[in-house]
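Visitor: I should like to learn how to read a protein model feature by feature. May we take the structure below as the example?

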Amino acid sequence: MRIALRSINIAFLLAGLGISVAVAQSSNDALALDGRWDASLVNNGPTVPFRLDISGLGPTLKGTFYDGFKPYDETTSATYQDGKLVLKAEHYLTTITATLKNGELVGDVVLLGPGFHLQYGLQAKHHVESATQPENVPAIAGLWELPLESPSAKGEKAFRLIARQNGADAEVSILRIDGDTGAYSGTYKNGKWVLSHFDGSRPGVIEVSAKKDGTLEVVQHNEALKKAIEGDSPETKTADASGKQYGAAPTETFTGDKLVAYRPEVARAKGFPEPDNFDTHTTVRNANEKFAFSFPDANGKLVSNDDPRFKGKVVLAIVTGTWCPNCHDEARFLVQLDKKYRDKGLAIVALDFEEPEEQDKLTREHAFIEEYGVKYTYLIAGAPSEMWEKVPQAVNLNTWPATIFVGRDGLVKGIHSGFASQASGEFNNQLQQEFTAKIEQLLAENSSKKQITSVSASSPKHGE
C-alpha cells in the first residue's frame, strides 16, 4: 500500500515538474517575442518590408505598427499560446498568425477589404542595427509634384509627393485628392530608395531614384492589392453598376509604371497642371438647400438632420467607411475636434458606408469606434456603391472621406475632399488649422447673429 501511494506521489510530482517546465518554456518563448522585428509580407507580388514591435506578456501582449518612422497603430488583440502568435487589428479586419521557429517568426497575414481577401506570407527577424551608412546620398526632402499621363479615376491630373529625409533614411508619401498613401520608409541603397509601408493596412512599396536633371523617378508597387480590389473578373470588381470604382487604395493610376516627380516651380514652368484643390473638388448642387440625411444607427434607430442633437448646431457630416485607410486617419482628428467643440455647439455625424457583407455584424465598425474612442454619432448609410444616391446634394463626390461643413441654418458652407494625415507633413498641419478656423468661424458667426437678434428684440422701439 505504501509503495503504491509513494508511486502515485512521485507521479504527481513528475507531472507537476512537467507543468512547471512547460509554463517556463512558454514564458521564455513569449519573452523571446519582445522587441523590434524586421518583418516582411511575402509570396504575393513584391516583398513589403515593415517594422513590427511586440511587447508585453499575457493580457498585455500587443503589436505596434509604424507609419514611416513613427509608431502609429496597435493591435486590438494579441495572444501567444502553444507556440502560436495571433495579432489582430480588428478595426482593419487584419490578422497576423505566426509561429516562432529558431528565433524567427513565420506565418501568414490576411487583410479583408470591400469585396476582397488579400493574403501574404510573413517572415520576421529581430532587428539588428546596421554598422555602415551609405555615402553620396542625394537630397530629396521637400515637396514634389507627379504629373499624370492621363487623369485618375477621380479626374486628377497630378499628385503631390512629400519627402522627409535624415541622411540615408527617407520617408515618402503620395498625396491624392482622397488623402495620402501613408509614409513609406527605408534607407538609400544601390543608388535608390526602396521604401515600404504596412500599418496594418495599405501594404506597398515605392522605389525612388534621384536623376541628374533634378527630377525623381518614382515607381509604386501595390500589384497584390490592385489585383485583389479589381478581382479576377469584371463580375467581382468592387464597383457599382455604373462602373464607379470606390477602391481602398490608389491603384487605378499607376502600379509598376514609372512617373517623374518635379519641384512645384519646375512643374509650373513646364506647364504641367496643378494637383486638385481639396476645397473645390466637390461642391454642392444648391447652396440654398438644407443638407438632409436620415439613416439608422448601429442599433437600427433612425436618425436624421432634424434630430434634436443637430438642431441649431454647426454640423460636420463625414462621408466615410471603415474599410478606407484615409477615413481611419481622419477619425483620430475628428475625435479631438469633438472633445474640443462639442460643448460649444459642434455636432459631428459619420455617414458610414460599409460593404454589404459587413452590414449584418458591423464587426469592423464596432472595433473602429472602440479603437479611436469615437463619441460622435455614427450612422449606417449603406454600401459604398450607394454613396452617390444617398448623398445627392454633393456634386462630384468621389473621395473617401469627404467632410461637409454645415452651418446652424442647415446650409452647406463648404466641402473638404479627402484627408491628409501626419504622413503629409505640412499639409496635415494646414488641414488642422483650416478645419479649426472654419469651425470657430461658423460657431462665432451664428453666435453673433443670435446676439444681434437678442439686442434688437430687447431695444426700445422708436417712439416708446
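Visitor: Is Trp400 buried or exposed, and where is Trp400 placed?

Guide: This is a predicted model, and the values that follow are computed from it. Trp400 counts as buried because its relative accessible area is 4%, and the cut-off for that class is under 20%. Trp400 belongs to the loop between strand 24 (394-395) and strand 25 (402-406). Between the C-alpha atoms of Trp400 and Ser417 there are 7.6 Å in space, with 17 residues of separation in sequence.

Visitor: Which residues does Ile177 touch, and where is Ile177 found?

Guide: The loop between strand 12 (169-175) and strand 13 holds Ile177. With a relative accessible area of 1%, Ile177 is buried. Leaving out residues up to four places away in sequence, Ile177 touches Lys154, Glu156, Asp276, Asn277, Phe278, His281, Thr399, Ser417 and Gly418. Ile177 and Ala402 are 225 residues apart along the chain, and 9.9 Å separates their C-alpha atoms.

Visitor: What share of contacts in the protein chain joins residues at least 24 apart?

Guide: Among contacts between residues at least 6 apart in sequence, that share is 60%. As for the chain itself, 48% of its 464 residues are buried, and it contains 7 helices and 26 strands.

Visitor: How should one read a nonpolar core, and which residues touch the most other members of the largest one?

Guide: In soluble globular proteins, nonpolar side chains tend to be buried together. Here the largest nonpolar core has 56 residues, and Leu316, Leu337 and Tyr376 touch the most other members. Helix 4 (residues 325-341) contributes the most to this core, namely 6 residues. Apart from this core lies another, of 27 residues, including Phe291, Val303, Ala317 and Ile404.

Visitor: With which residues is Leu316 in contact?

Guide: Once neighbours within four places in sequence are set aside, Leu316 is in contact with Leu334, Leu337, Leu346, Ala347, Ile348, Val349, Thr403, Ile404, Phe405 and Ile439.

Visitor: Is Arg364 buried or exposed?

Guide: Arg364 is buried, since its relative accessible area is 1% and the class requires under 20%. Arg364 sits in helix 5 (residues 363-372). Its contacts, leaving aside neighbours within four places in sequence, include Glu90, Glu354, Glu355 and Glu358. Also among them are His91, Tyr92, Trp323 and Thr322.

Visitor: How many disulfides does the structure hold?

Guide: The structure holds 0 disulfides. Two cysteines may nevertheless be read for burial: Cys324 is buried, with a relative accessible area of 2%, and Cys327 is likewise buried, at 2%.

Visitor: Let us turn to the strands. How many bridges join strand 1 to strand 2, and how many join strand 1 to strand 9?

Guide: In a regular strand the side chains alternate between the two faces of the sheet. Strand 1 (residues 35-42) runs antiparallel to strand 2 (residues 48-55), with 7 bridges between them, and Ala39 has Phe50 as its bridge partner in strand 2. The two strands form a hairpin with 5 residues between them, where Asn43 in the turn has a positive phi of about 65°. Strand 1 is also joined by 6 bridges to strand 9 (residues 116-126), again antiparallel. There, Val42 is partnered with Gly121 of strand 9.

Visitor: Which residues in the turns of the other hairpins, those of strand 8, have a positive phi?

Guide: Asn102 is one of them: in the turn of the hairpin of strand 7 and strand 8, which has 2 residues between the strands, its positive phi is about 55°. Strand 7 (residues 94-101) and strand 8 (residues 104-113) run antiparallel with 8 bridges, and Thr97 pairs with Asp108. Gly115 lies in the turn of the hairpin of strand 8 and strand 9, with a positive phi of about 85°. Those two strands pair in the antiparallel sense over 9 bridges, and Gly113 has Phe116 as its bridge partner.

Visitor: Finally, how is a pocket read, and what is the volume of the largest one?

Guide: Rolling a probe the size of a water molecule over the atoms shows where empty space is left. The largest pocket has a volume of about 1,000 Å³. Its lining has 30 residues, of which Arg36, His127, Asp169, Gly186 and Thr187 are the closest to its centre. Strand 13 (184-189) and strand 14 (192-197), together with strand 1 and strand 2, each supply at least two lining residues. Strand 13 gives the most, with 5 residues.

How values were computed:
Residues numbered from 1 in each chain as written. Predicted model: local features only at pLDDT ≥ 70, side-chain atom pairs only at ≥ 80, totals over all residues. Heavy atoms only, no water. Disulfide = S-S within 2.5 Å. Buried < 20%, exposed > 50% of the residue type's maximum accessible area, 1.4 Å probe, protein only. Core = buried A, V, L, I, M, F, W, Y, C linked by side-chain atoms within 4.5 Å. Helix = DSSP H or I, 4+ residues; strand = E, 2+ residues; numbered from the N terminus. Contact = heavy atoms within 4.5 Å. Pairing = 2+ DSSP bridges. 1 Å grid on protein atoms, 1.4 Å probe; cavity = no way out; pocket = protein on both sides within 12 Å on 5 of 7 lines; lining within 4 Å. Points joined across faces, edges and corners; volume = space filled by probe spheres on them.
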